[in-house]
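Here is a walk through one protein model, taken a stop at a time. Keep the viewer open and follow along.

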Amino acid sequence: MTEVSVAPDSILERPARGRIVGVDLARGLALVGMAATHMLAVQDETTGHLTTVGWLAAGRASSLFALLAGVSLALVTGGEEPRHGPDRTRSSLAIAVRAVLIGGVGLWLAGTGSPVAVILAYYAVLFVLSLPFLGLRTPTLAVLAGCWAVLSPVISHLWRQRLDGGPNDQVTFGSILDDPLAAFRELMVLGYYPALTWMTYLLAGLAIGRLDLRATGTAIRLLGLGVFLAVTAWGAAALLLAGGMADRLLPPEAVADGFGWWDLVSTEGFGTTPTEAWGWLVLAAPHTGTPLDLIGTTGSAMAVLGLCLLIVRLPWLRLLTHPVSAAGSMTLTLYTVHVFALAQPWGEWDSLGYYLTHVFVALTFATLWLLALPKGPMEWLVHQISSAVARLFVPVRPELPSRAEGG
């Protein structure tokens with residue numbers, strides 16, 4: 001659509017074609033939120049319960065980041081009209097090359113000694129896993145995302161029951177060379193962002209990216225449905241655990257010594273749940289990878305995206321939030337610098353002052369950079385390499401002139 005419809009988009013300013021600023025704003029918020037979970041206390045040292053930062057960002061910032069990856073993949077492969085034929089092949093190849101490049105950065109960062117659980121290698125795996133789904137439309141993708149949220153934790157549970165131990169160290173170039181199979185298992189089911197269950201976010205993002213994200217009605221529906229899913233998932237877990245189901249479903253040691261239902265919904269996991277009892281799958285705590293966790297965090301991500309799409313339709317709010325949107329347009333660059341900086345002895349990485357310094361530098365750099373160039377430095381480099389490789393193997397054929405043009 002190129003014109004502003006009378007309703008409901010006449011209520012707010014409809015964004016121009018090109019980049020969808022609301023998506024950039026949401027991605028910028030995800031970056032700021034992930035940095036907060038890296039640098040500020042997520043759990044209370046005494047009780048183990050989530051802090052305010054934990055409630056707001058733990059599991060939610062990273063899931064928003066992943067869902068927006070799916071949105072971006074949908075946008076670069078046709079948006080509302082998925083590409084097919086040579087165009088889809090070329091786009092898929094470019095995405096695969098991009099996955100290799102981003103994964104390489106992630107493996108390098110994981111080897112720097114940074115205290116951060118680096119997401120980029122998992123991100124790259126998700127890119128590759130998404131390739132078969134790029135030609136699908138929203139209804140099919142939405143159903144797949146829902147089924148994936150319910151079934152993938154069960155498959156993960158069964159798979160991990162056959163494996164020895166839990167999460168290992170981060171996957172690096174060295175660990176891949178030493179034991180490729182162990183690295184594969186870590187990326188797929190054992191790690192902090194296990195690709196098997198996190199495909200839920202990619203599929204949901206692809207479904208959303210096939211919608212008209214410039215329509216106010218789409219933003220309102222995303223906000224409303226997202227809030228509903230988030231509240232329902234957390235509420236369902238709380239009711240199940242508070243209603244006596246914890247004693248029936250979980251091992252005795254999990255609910256012994258006063259460790260009750262509130263502890264089970266207000267703490268953070270490490271990507272998965274224990275496998276000795278199926279009852280662990282009723283949790284909805286962040287980074288547990290259960291059906292209710294996946295549904296709830298998908299909902300919160302949808303709500304944030306819907307709200308951001310609405311915010312940027314108001315000119316004064318769009319201007320006010322521009323630094324965050326600018327940061328959201330170059331998250332690969334800023335995330336890489338942020339994680340690398342935390343590996344250096346440059347400051348007290350768990351202090352509020354150092355966190356605010358990271359945020360200030362990121363927003364300022366992004367705002368100034370975009371005054372001169374349209375892409376962040378790493379984004380530009382990844383785009384140039386992936387596009388060149390894709391065009392090399394699947395050339396763009398020039399359109400033949402029509403007879404009316406003198407052909």
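Searching the whole structure, which is a predicted model, turns up three cavities of 30 Å³ or more. The largest cavity holds about 50 Å³ of space. Which residues line it? The lining of the largest cavity consists of G59, W198, Y201, G271, H287, T288, G289, D293, L294 and T297. Two helices, α9 and α12, each put at least two residues into that lining, and α12 gives the most, with three residues.

Stay with α12 for a moment. This helix covers residues 291-311, and S300 sits in it. Is S300 buried or exposed? With a relative accessibility of 13%, S300 counts as buried, because the cut-off for that label is under 20%. Its side chain reaches the backbone oxygen of T297 at 2.9 Å, and T297 is one of the residues lining the largest cavity. Setting aside residues up to four places away in sequence, S300 touches R60, G226 and A230.

Now go back to the cavity lining and pick out its two aromatic residues, W198 and Y201. Both belong to helix α9, and because they are three residues apart there, about one helical turn separates them. Their ring centres are 4.9 Å apart with the planes at 80°, so this pair is edge-to-face. Both residues are tucked away: W198 is buried at a relative accessible area of 4%, and Y201 is buried too, at 1%. The pair is also part of something bigger, since ring pairs link Y122, Y192, Y193, W198 and Y201 into a cluster.

How many aromatic pairs are there in total? The count comes to 13. Another one worth a look joins W159 and F184, a tilted pair at 6.3 Å centre to centre and 45° between the planes. W159 lies in helix α6 (residues 138-161) and F184 in helix α8 (residues 180-190), so the pair ties together parts that are 25 residues apart in sequence. Neither ring is fully hidden here: W159 is partly exposed, with a relative accessible area of 27%, and F184 is partly exposed as well, at 43%.

Next, the nonpolar interior. In soluble globular proteins, nonpolar side chains tend to be buried together. In this model the largest nonpolar core has 95 residues, and the ones with the most contacts inside it are L67, L120, L305 and Y335. Which helix supplies the largest share of this core? That is helix α9 (residues 195-209), with 11 residues. Apart from this core lies another one, of 11 residues, including A233, L241, A277 and A284.

L120 is a good residue to click on. Leaving out neighbours within four places in sequence, L120 is in contact with I102, G103, V105, G106, L109, L332, Y335 and T336. One of those partners, Y335, is itself among the residues with the most contacts inside the largest core.

Finish at helix α15, which runs over residues 331-342 and contains L342. At 5% relative accessibility, L342 counts as buried. The C-alpha atoms of L342 and G113 are separated by 8.7 Å, although the two residues are 229 residues apart along the chain.

Notes: Residues are numbered from 1 along each chain as its sequence is written. This is a predicted model: local features need pLDDT of at least 70, side-chain atom pairs count only at pLDDT 80 or more; totals for chains, interfaces and linings use all residues. Side-chain values use heavy atoms; hydrogens and water are left out. Helices (H or I, at least four residues) and strands (E, at least two) are DSSP runs, numbered from the N terminus. Buried means under 20% relative accessible area, exposed over 50%, partly exposed in between (1.4 Å probe, protein chains only). A nonpolar core is a set of buried Ala, Val, Leu, Ile, Met, Phe, Trp, Tyr and Cys residues joined through side-chain atoms within 4.5 Å. Contact means heavy atoms within 4.5 Å. Rings of Phe, Tyr and Trp (its six-membered ring) pair if their centres lie within 6.5 Å; planes under 30 degrees apart count as stacked, over 60 as edge-to-face and the rest as tilted. A polar contact is a pair of N or O atoms within 3.5 Å; within protein, one must be able to donate a hydrogen and the other to accept it, and residues adjacent in sequence count only if both atoms are side-chain atoms. On a 1 Å grid over the protein atoms alone, a cavity is a set of points where a 1.4 Å probe fits but cannot get out, and a pocket is an open set with protein on both sides within 12 Å along at least five of seven lines; lining residues have an atom within 4 Å of a point. Grid points are joined across faces, edges and corners, and a volume is the space filled by probe spheres set on the points.
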